[in-house]
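Please work through the two exercises below with the sequence and the coordinates at hand. Each task is followed by a stepwise solution.

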Amino acid sequence: LSLVGQLNELFLREIAAISRMPVKHVKLWENLSLETMGSVHYRRHLVPVYRRLFELLGPGQKLSVHYDGKLRQVAADIAALPIFGIDSFTPPPEGDMETAEARAAWPGKYLWLHPCLGWYTEDEARLAARVRAMAQDAGGHGYCLMISEDVPHDPARTIPRVLEALAR
């Protein structure tokens, strides 16, 4: 753990340097995986680093994190942190929270919504319905849809269907 502590100190020095720059948005690429870390270690080791990080950020600077996995067990912790946005939020089966649950848990946070890659293997009507429901469940504000992690199945066919579904 002493190596982790040293790496955290280096990371916090980087954030301190960034805080003196004219940047409005900081994005972390930590790619949290609670399947390997667990909620106890998240609270014990990661939340204190976030708290120190937020103390370093300058006025008006916002922080987003990359959380695309199972988040239910730390949803209250995420809500309590002044995180601006959750990048790559993914509903079940890849994640463990539905989009409506995420919006209810984090009403003020920006959600970069990542439709499950398995949805792109379904028929076009089902894919369109899932994407429309995801957008509706996001609450009509503070979100965008994205593709993260991998290229979806048959992108030349499926991505236009997603865009058409959102245009309706």
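The exercises that follow concern a pocket and a helix pair in this predicted model.

**Exercise 1.** Determine how much space lies in the largest pocket, and state which element gives the most to its lining.

*Solution.*
Step 1. The volume of the largest pocket is about 280 Å³.
Step 2. The pocket is lined by 15 residues, and those closest to its centre are N8, E30, L46, V49 and Y50.
Step 3. Two elements, α1 (2-19) and α2 (34-56), give two or more residues each to this lining.
Step 4. The most is given by α2, which supplies seven residues.
Step 5. Sorted by class, the lining holds nine nonpolar, five polar and one charged residues.

**Exercise 2.** Classify the packing of helix α5 against helix α6 by angle, give the handedness of the crossing, and list the residues in contact.

*Solution.*
Step 1. Two packed helices are described by the angle between their axes and the distance between the axes.
Step 2. For α5 (residues 124-137) and α6 (residues 155-167), the angle is about 45 degrees and the axes are 9 Å apart.
Step 3. An angle under 35 degrees would count as roughly parallel, and 65 to 115 as roughly perpendicular; α5 is therefore oblique to α6.
Step 4. The crossing of α5 and α6 is right-handed.
Step 5. On the α5 side, the contact involves E124, L127, A128, V131, R132 and A135. On the α6 side, R157, T158, R161, V162, A165 and L166 take part.
Step 6. By class, this contact of α5 with α6 comprises seven nonpolar, one polar and four charged residues.

Conventions
Residues numbered from 1 in each chain as written. Predicted model: local features only at pLDDT ≥ 70, side-chain atom pairs only at ≥ 80, totals over all residues. Heavy atoms only, no water. 1 Å grid on protein atoms, 1.4 Å probe; cavity = no way out; pocket = protein on both sides within 12 Å on 5 of 7 lines; lining within 4 Å. Points joined across faces, edges and corners; volume = space filled by probe spheres on them. Helix = DSSP H or I, 4+ residues; strand = E, 2+ residues; numbered from the N terminus. Nonpolar A, V, L, I, M, F, W, Y, C, P; charged D, E, K, R; others polar. Axes fitted to C-alpha atoms, helices over the stretch in contact; angles between N-to-C directions. Parallel < 35°, antiparallel > 145°, perpendicular 65-115°, else oblique. Left-handed = near helix turned anticlockwise from the far one by under 90°. Contact = heavy atoms within 4.5 Å.
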